[in-house]
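Hi there,

Here is the structure I promised to pass on to you. Have a look at it first, and my notes on what turned up follow below.

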Amino acid sequence: MLRYLGVMSGTSLDGLDIALIHQASHPVLLAHHYIPMPDTLRAELLALCSSGPDELARAAVAEQRWVGLAASGIHALLRQEGLSTSDIRAIGSHGQTVRHEPARGFTVQIGNPALLAELTGIDVVADFRRRDVAAGGQGAPLVPAFHEALFDREDQPRAVLNVGGFSNLSLIEADQPVRGFDCGPGNVLLDAWIGKSLGEAFDRGGNWAASGHLDDALLRALLSDPYFATHGPKSTGRELFNLAWLESHLAAQPELAPSDVQRTLLELTARSIVDSLQQAQQSTTELLVCGGGAHNDTLMQRLQELLPDCRVASTASRGVPPDWVEAMAFAWLAHCCLERIPANRPSVSGAKGPRILGAIYPA
């Protein structure tokens, strides 16, 4: 059996992505399924990203709900494809990150893989990040190794950019180990600000940002955060970049139109990506973009403007739909675990060496 399922819910918390891949010499997407995140569950998971009362019990209840949602999506995908549970070798489940603090030696993803195995009747591989952290690494990003497997190396240096809640780069160059790191906020601040200002879940196409004007003073203040001056390996999360972080900077600025704030946040995302790329791999000739940010036309246009000598395009131009790359990655990571293939990259995470990632929960 060469079919694997990957389940991913990222920092944007919009829903669960489920990808079915065939893994032989090369991972191939066979099918996919998306389940929107119920508002109540999203609120519960967001609340767990910061300290609060009765956290352990609340986390246990929230992950049961998350698993129920994932299991229902998996069964729906199997029905859609006319497959049975015996046709799937394993599920790679990322779970939901609620804390990520590698500087303090921990990262926490909830997702009750034992319950997921029970509800689906399929072996589950989960808890991918903690082994890398235990080996001294950041535990993130994990996708560069998959990007390396998915997109063949070429003579010219290229990069793969994932723009989810946060943005991360994978740097792929002939005869060099793959490198990668988190650049900074991707959609997390854009989503939070439009949610507060307009009650919308996200800025479709970046249209609201495009209607505003860039505020240079605010941009300089945001980019002054020490995170942007650090070099990889590095990773970040809601522990640093969140609505409170943004509002602390807005309090020191003259009052701005909400659309101007949105435009400046989009520029923060674009500049932090481009600055990181030019510092790490200046000769990049192609930037392939995946994640929700690939659908933000304003962001894609701005990246191309800032990188005039580099082709900026969605991974769809290489035959891989941008919305499913991360879920595919966790299906592939399950394959690596079962085959005892190290799937971290010390050149990415800073771990002491290659490690087999994940824990196996037999059905």
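**Cores and contacts**

Leaving out residues up to four places away in sequence, Leu161 touches Ser167, Asn168, Leu169, Ile273, Leu287, Leu288, Val289, Cys290 and Leu303. Please keep in mind as you read that this is a predicted model.

Leu161 also belongs to the largest nonpolar core, which has 43 residues. Together with Leu169, Leu265, Leu268, Leu287, Val289 and Leu303, Leu161 touches the most other members of that core. Helix α10, residues 258–280, gives the most to this core, with nine residues. Apart from it lies another core, made up of 34 residues, including Leu142, Val160, Val178 and Ala327.

**Aromatic rings**

Searching the whole structure gives six aromatic pairs. In one of them, the ring centres of Phe146 and Trp332 are 5.7 Å apart and the planes stand at 55 degrees, so the pair is tilted. This pair links distant parts of the chain, as Phe146 sits in helix α5 (residues 143–150) and Trp332 in helix α12 (residues 325–338), 186 residues apart. Phe146 and Trp332 are both buried.

Elsewhere, ring pairs join Tyr227, Phe228, Phe241 and Trp245 into a cluster. Tyr227 has another partner as well: the charged end of Lys234 sits over its ring, 4.5 Å from the centre.

Asp225 may interest you here. Its place is in the loop between α8 (216–223) and α9 (243–250). Leaving aside neighbours within four places in sequence, Asp225 is in contact with Leu240, Phe241 and Trp245, and the last two of these are members of the ring cluster. Asp225 is buried but has no salt bridge, and the nearest side chain of opposite charge, Lys234, is 9.0 Å away.

**Salt bridges**

How many salt bridges does a search of the whole structure find? The count is 15. Three pairs and a network are worth picking out.

- Glu148 bridges to Arg345, with the closest N and O atoms 3.4 Å apart. Glu148 is in helix α5 and Arg345 in the loop between α12 and α13, so to speak of distant parts of the chain is fair: they are 197 residues apart. Arg345 counts as partly exposed, at 24% relative accessibility.
- Glu286 bridges to Arg158, the closest N and O atoms being 4.0 Å apart. Glu286 lies in strand β11 (residues 286–290) and Arg158 in strand β8 (residues 158–163), so the bridge ties together parts that are 128 residues apart in sequence. Glu286 and Arg158 are both buried.
- Glu173 bridges to Arg179, with 3.9 Å between the closest N and O atoms. Glu173 is partly exposed, with a relative accessible area of 24%, and Arg179 is also partly exposed, at 27%.
- Arg263, Glu267, Arg271, Arg302 and Glu305 are linked in a network of salt bridges.

**Backbone details**

Which residues does a cis peptide bond join, with omega of about -15 degrees? They are Ala140 and Pro141, and Pro141 is placed in the loop between α4 (129–134) and α5. A cis peptide bond also joins Gly232 and Pro233, with omega of about 0 degrees. Pro233 falls in the loop between α8 and α9, where Asp225 is found too.

Leu13 is not a glycine, yet it has a positive phi of about 60 degrees. Its place is in the loop between β1 (3–8) and β2 (15–23), and Leu13 counts as buried at 2% relative accessibility. Arg340, again not a glycine, has a positive phi of about 60 degrees. Arg340 is in the loop between α12 and α13 and counts as exposed at 52% relative accessibility.

**Two more spots**

Pro342 is in the loop between α12 and α13 (346–349) and is partly exposed, at 34% relative accessibility. Its C-alpha atom is separated by 5.5 Å from that of Pro354, twelve residues apart along the chain. Beyond neighbours within four places in sequence, Pro342 is in contact with Pro354, Arg355 and Ile356.

Ala363 lies in the segment after β13 (359–361) and is exposed, with a relative accessible area of 60%. Ala363 and Leu116 are 247 residues apart in sequence but 8.8 Å apart in space, C-alpha to C-alpha.

Best wishes

Technical notes. Residues numbered from 1 in each chain as written. Predicted model: local features only at pLDDT ≥ 70, side-chain atom pairs only at ≥ 80, totals over all residues. Heavy atoms only, no water. Core = buried A, V, L, I, M, F, W, Y, C linked by side-chain atoms within 4.5 Å. Buried < 20%, exposed > 50% of the residue type's maximum accessible area, 1.4 Å probe, protein only. Helix = DSSP H or I, 4+ residues; strand = E, 2+ residues; numbered from the N terminus. Contact = heavy atoms within 4.5 Å. Phe/Tyr/Trp six-rings, centres within 6.5 Å; stacked < 30°, edge-to-face > 60°. Lys NZ or Arg CZ within 6 Å of the ring centre and 35° of its normal. Lys, Arg positive; Asp, Glu negative; His and termini not counted.
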